[in-house]
Amino acid sequence: MLIYRRQGDFDSTGVGVLKPAQTETTHDSESHLTMQVVNHIRAMIEDGTLKPGEQIPPEREFAQKLKISRASLRTGIGYMAAMGIMKVRHGVGTFIAEGPPEIGKSSLGLLGALHGFKSWQMFEARLLLECKMAALAAERGKEEHFTQLAEEVAEMYATIDDPEEYLIHDVRFHRTIASASGNPILASLMETITSALYDGRRKTAGLSKSLKDTAEVHREIYRAIRQRNPAEAHRLMERHIEWARDAQEQEDQERVASRKRKQKQKPANGKISGLTSRSNESSIYPRL
């Protein structure tokens, strides 16, 4: 939670401003700034400064007001859009979602709560949770859930050339399945995982070889759920997560190997010669 400790943390109108105490060059600092943006906007909604259905200020103006970079602001807004708290209307602007905002849920404060977890641990958790939730969604899902899933799949296809925008709809798709499972405890656990993963997934989304392939996988999962086929929904979700896990493991191995090659080829003068950047062609499956 963001806490303002000094009078200087407020502007002349009494509205708190963000003062990043660190640069935006590391994963931890970026996650920290993202959480600052989320907490600050949440506070503005809670105190009525921003109201449901209201458009937020233009990006440049808002970033200056919060005293952060526009990149950090976009990341925070993207996260809140993925969580359904904001609605981005292309060519129009960004609005606070209509209806009672679910900003009081603890999941919003969990973006930076999980530190030091290993990739395999997160994929293991996702396999245990999401496969079962997909099966439950096929059994218990309502028409409104099916409609939302169909809309998110359509948006995935529409944003395959924009990885960060695609990720918003990817996250919403999985959140809708969690909601359709009919178990709020499972849905809350999924929110925790989504919060912990969002920032990292945002950074790797652009490395995926083909977002069209993942969009197709999500469409298959949707069809199984819509057809009320729990076994097929479970199988497809399991395949999706396992492929993503395998791709992530390969990416990690290649990163380590690349680092070792650079160390071996580094001459006495400290310059690296004869190296070319690694191609993304080895990515067997997008990590979304």
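**Close-up 1. Helices H4 and H9 run roughly antiparallel in this predicted model.** H4 covers residues 119-140, and H9 covers residues 230-265. Their axes lie 8 Å apart and pack at an angle of about 160°. Angles over 145 degrees count as roughly antiparallel, so H4 and H9 are placed in that class. H4 passes H9 in a right-handed crossing. On the H4 side, the contact is made by Ser119, Phe123, Arg126, Leu127, Glu130, Cys131, Lys132, Ala134, Ala135, Ala138 and Glu139. On the H9 side, the residues are Pro230, Ala233, His234, Met237, Glu238, Ile241, Glu242, Ala244, Arg245, Gln248 and Asp252. By class, this contact has 11 nonpolar, three polar and eight charged residues.

**Close-up 2. Helices H3 and H6 are roughly parallel.** H3 spans residues 70-82, and H6 spans 163-180. The two axes come within 8 Å and cross at roughly 30°. Angles under 35 degrees count as roughly parallel, and H3 and H6 therefore fall in that class. The crossing of H3 past H6 is right-handed. H3 brings Gly78, Ala81 and Ala82 to the contact. H6 brings Ile168, Val171, Arg172 and Arg175. Four of the contact residues are nonpolar, one is polar and two are charged.

**Close-up 3. Helix H2 is roughly perpendicular to H3.** H2 is formed by residues 59-66. The axes of H2 and H3 come within 9 Å and cross at roughly 105°. The range from 65 to 115 degrees counts as roughly perpendicular, so H2 and H3 are described that way. From H2, the contact residues are Glu59, Arg60, Phe62, Ala63 and Leu66. They meet Arg70, Leu73 and Arg74 in H3. The contact of H2 with H3 divides into four nonpolar and four charged residues, with no polar ones.

**Close-up 4. The second largest cavity has a lining drawn in part from H6 and H7.** The model holds three cavities of 30 Å³ or more. The second largest has a volume of about 50 Å³. Its lining consists of Arg126, Val171, His174, Met190, Ile193, Thr194, Leu197 and Arg201. H6 and H7 (184-204) each supply at least two of these residues. H7 gives the largest share, five residues. By class, the lining has four nonpolar, two polar and two charged residues.

**Close-up 5. Two lining residues also take part in helix contacts.** Val171 lines the second largest cavity. On H6, Val171 also belongs to the contact with H3. Arg126 is another residue of the cavity lining. On H4, Arg126 also belongs to the contact with H9.

Conventions. Residues are numbered from 1 along each chain as its sequence is written. This is a predicted model: local features need pLDDT of at least 70, side-chain atom pairs count only at pLDDT 80 or more; totals for chains, interfaces and linings use all residues. Side-chain values use heavy atoms; hydrogens and water are left out. On a 1 Å grid over the protein atoms alone, a cavity is a set of points where a 1.4 Å probe fits but cannot get out, and a pocket is an open set with protein on both sides within 12 Å along at least five of seven lines; lining residues have an atom within 4 Å of a point. Grid points are joined across faces, edges and corners, and a volume is the space filled by probe spheres set on the points. Helices (H or I, at least four residues) and strands (E, at least two) are DSSP runs, numbered from the N terminus. Ala, Val, Leu, Ile, Met, Phe, Trp, Tyr, Cys and Pro count as nonpolar, Asp, Glu, Lys and Arg as charged, and the others, Gly among them, as polar. Axes are lines fitted to C-alpha atoms, for helices over the stretch in contact, and angles run from 0 to 180 degrees between N-to-C directions. A crossing is left-handed if the near helix is turned anticlockwise from the far one by less than a right angle, and right-handed if clockwise. Contact means heavy atoms within 4.5 Å.
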